[in-house]
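Work through these exercises with the model open beside you. Try each task before you read its solution.

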Amino acid sequence: KKIYKIDINKTDSNGFAQKELVADLLNIADPNNLGGNGTKNGVFTFPFVTIEDVLPLDKQTLLVINDNNYPFSVGRTPGKVDNNEFIKIKLSQPLNLPTAFTEGVAAGEPTSNSAVLWTRTTNPITQQGLATAVTAQVSTDRNFASGVKTFAGETQSNRDYTIKLDATGLQSGTHYYYRFIAGDGNVSSTGDFTTAPDPSASVPVTFGFSGDVDGKWRPYTSLAGFQDTNLDYFVFLGDTLYETVTARSAATADPFADPAQAKADYQRKYRENLESTNPGGFTGDQVLYSSQGNYILLDNHELGNKQFINGGAPTGTPAGKGVDATDPANDVNATGSYIHNTDGFKALLQAYDDYQPIRETTISAPADPRTDGTQKLYYAQQWGANEIFINVDDRSYRDIRLKNACLLYTSDAADAEDSVD
């Protein structure tokens, strides 16, 4: 009863697939007698012919599951029907499974000399996130044969195994290719982006814009061939996910009632938008994010489409509940407390940060309590002599969305543009 790791891409001198012993199920060291009657003299045995699942939990732990096919399996004690059993085995050597880049790559916020590069690493068997070292390569050569710049970092569990690297020291008005390489040598898909031209350069600039990716429209096949648009940059006008239920995906938790679960659910929704709905199918937003540099806007669905969309409104009681939008006293926030400082808002913003190729800088403005200590999501980027892109943040600081007595959004309010959401 043994478990082997087999690499079907490697063969021995006789042409057979190479295999490596991972665990001998009849000889598992158990010095602490964790296996009860399955352990004798410090050795645990798992003597079953009905082992149905072997699942790597991490690079050095296996979960092995037996189904006894009641009442037929009698592997452990002759004449006695077996129980179902499952065990976790700590391996003496790591599995060294190849790293997968299931969610693809993305580039964002290109300047005249830099861009933010994003990816996520996973275990290819479990499809769970995998913390590992990665290196981003950037070159003007699609084959990365020359002029390669490298930027290193590690994916972390507290960022849902994503990473963002700021590729700096680049040339203005230049088209670049990029990819990620994991510590085991596995390579991601290749993306590309263009840096902004020098402010004095009178050159043509081509950009596109759109927004709203409701999961019920997955896998967004209208994006097929998007790389052929050859845009200099793309503006994602917010609603990069929807928090609502679809046929394939449960709705997210309420960020006010359970911020931690809401963050995990929003991360799940972001992942789903980057993945295919069927094995080997079209990979959704991946082609959009990897085809050029992107500027991303934070909007209402990233923030739950309820009270957290008004980041400058009062927190309410308890903090995060929000206040009555029909009460004129709440039209302008003079309380000194802001909903963008609540756990619910921060959880949703963290999930957004984890999955968008954007920079994360903090505003220091002690004289302005509305903005002090918040994340700076607004900026401007000039593209040559004739164009400037301005990214606004119309969520983090806004007062409450005005409503009339019938609880309808007013059409003449300062936020009338969002009244059709």
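The exercises below concern a predicted model.

**Exercise 1. Take stock of the chain.**
State how many helices and strands the protein chain has, and what share of its residues is buried.

*Solution.*
- Step 1: Count the elements. The protein chain has three helices and 20 strands.
- Step 2: Check burial. The cut-off is under 20% relative accessible area. Of the 421 residues, 48% count as buried.
- Step 3: Add the extent. The C-alpha trace spans about 80 × 55 × 40 Å along its principal axes.

**Exercise 2. Trace a salt bridge of Asp160.**
Find the partner of Asp160, then decide whether each residue is buried or exposed.

*Solution.*
- Step 1: Look for the pair. Asp160 forms a salt bridge with Arg120, and their closest N and O atoms are 3.5 Å apart.
- Step 2: Place both ends. Asp160 sits in the loop between β12 and β13, while Arg120 belongs to strand β10 (residues 115-120). The two are 40 residues apart, so the pair links distant parts of the chain.
- Step 3: Apply the cut-off of under 20%. Asp160 has a relative accessible area of 10%, so it is buried. Arg120 is at 3%, so it is buried too.
- Step 4: Check the backbone. Phi of Asp160 is near 55 degrees, a positive value in a residue other than glycine.

**Exercise 3. Compare two further salt bridges.**
A search of the whole structure finds 15 salt bridges. Locate the partners of Asp166 and Asp265.

*Solution.*
- Step 1: Take Asp166. Its partner is Arg359, with the closest N and O atoms 3.1 Å apart. This pair links distant parts of the chain: Asp166 is in strand β13, and Arg359 is in the loop between α3 and β19 (379-383), 193 residues apart.
- Step 2: Check their accessibility. Asp166 is partly exposed at 37%. Arg359 is partly exposed at 21%.
- Step 3: Take Asp265. It pairs with Arg268, and the closest N and O atoms are 3.7 Å apart. Both lie in helix α1 (residues 259-273), three residues apart, so about one helical turn separates them. Asp265 is buried, with a relative accessible area of 10%.
- Step 4: Look for shared partners. Salt bridges join Glu103, Arg120, Asp160 and Arg271 into one network.

**Exercise 4. Describe the largest pocket.**
How many residues line the largest pocket, and which of them lie nearest its centre?

*Solution.*
- Step 1: Note the volume. The largest pocket has about 360 Å³.
- Step 2: List the lining. It has 19 residues, and Lys59, Leu97, Leu130, Ala131 and Thr132 lie nearest the centre.
- Step 3: Sort by character. Eight lining residues are nonpolar, eight are polar and three are charged.

**Exercise 5. Find the cis peptide bonds before Pro219 and Pro318.**
Give the omega value of each bond and the loop that holds each proline.

*Solution.*
- Step 1: The Arg218 to Pro219 bond is cis, with omega near 5 degrees. Pro219 is in the loop between β16 (207-210) and β17 (233-236).
- Step 2: The Thr317 to Pro318 bond is cis, with omega near -5 degrees. Pro318 is in the loop between β18 (293-296) and α3 (343-355).
- Step 3: Stay in the loop between β18 and α3, where Asn305 also lies. Asn305 has a positive phi of about 60 degrees, although it is not a glycine. Its relative accessible area is 27%, so Asn305 is partly exposed.

Key
Residues are numbered from 1 along each chain as its sequence is written. This is a predicted model: local features need pLDDT of at least 70, side-chain atom pairs count only at pLDDT 80 or more; totals for chains, interfaces and linings use all residues. Side-chain values use heavy atoms; hydrogens and water are left out. On a 1 Å grid over the protein atoms alone, a cavity is a set of points where a 1.4 Å probe fits but cannot get out, and a pocket is an open set with protein on both sides within 12 Å along at least five of seven lines; lining residues have an atom within 4 Å of a point. Grid points are joined across faces, edges and corners, and a volume is the space filled by probe spheres set on the points. Ala, Val, Leu, Ile, Met, Phe, Trp, Tyr, Cys and Pro count as nonpolar, Asp, Glu, Lys and Arg as charged, and the others, Gly among them, as polar. Helices (H or I, at least four residues) and strands (E, at least two) are DSSP runs, numbered from the N terminus. Buried means under 20% relative accessible area, exposed over 50%, partly exposed in between (1.4 Å probe, protein chains only). A salt bridge is a side-chain nitrogen of Lys or Arg within 4 Å of a carboxyl oxygen of Asp or Glu.
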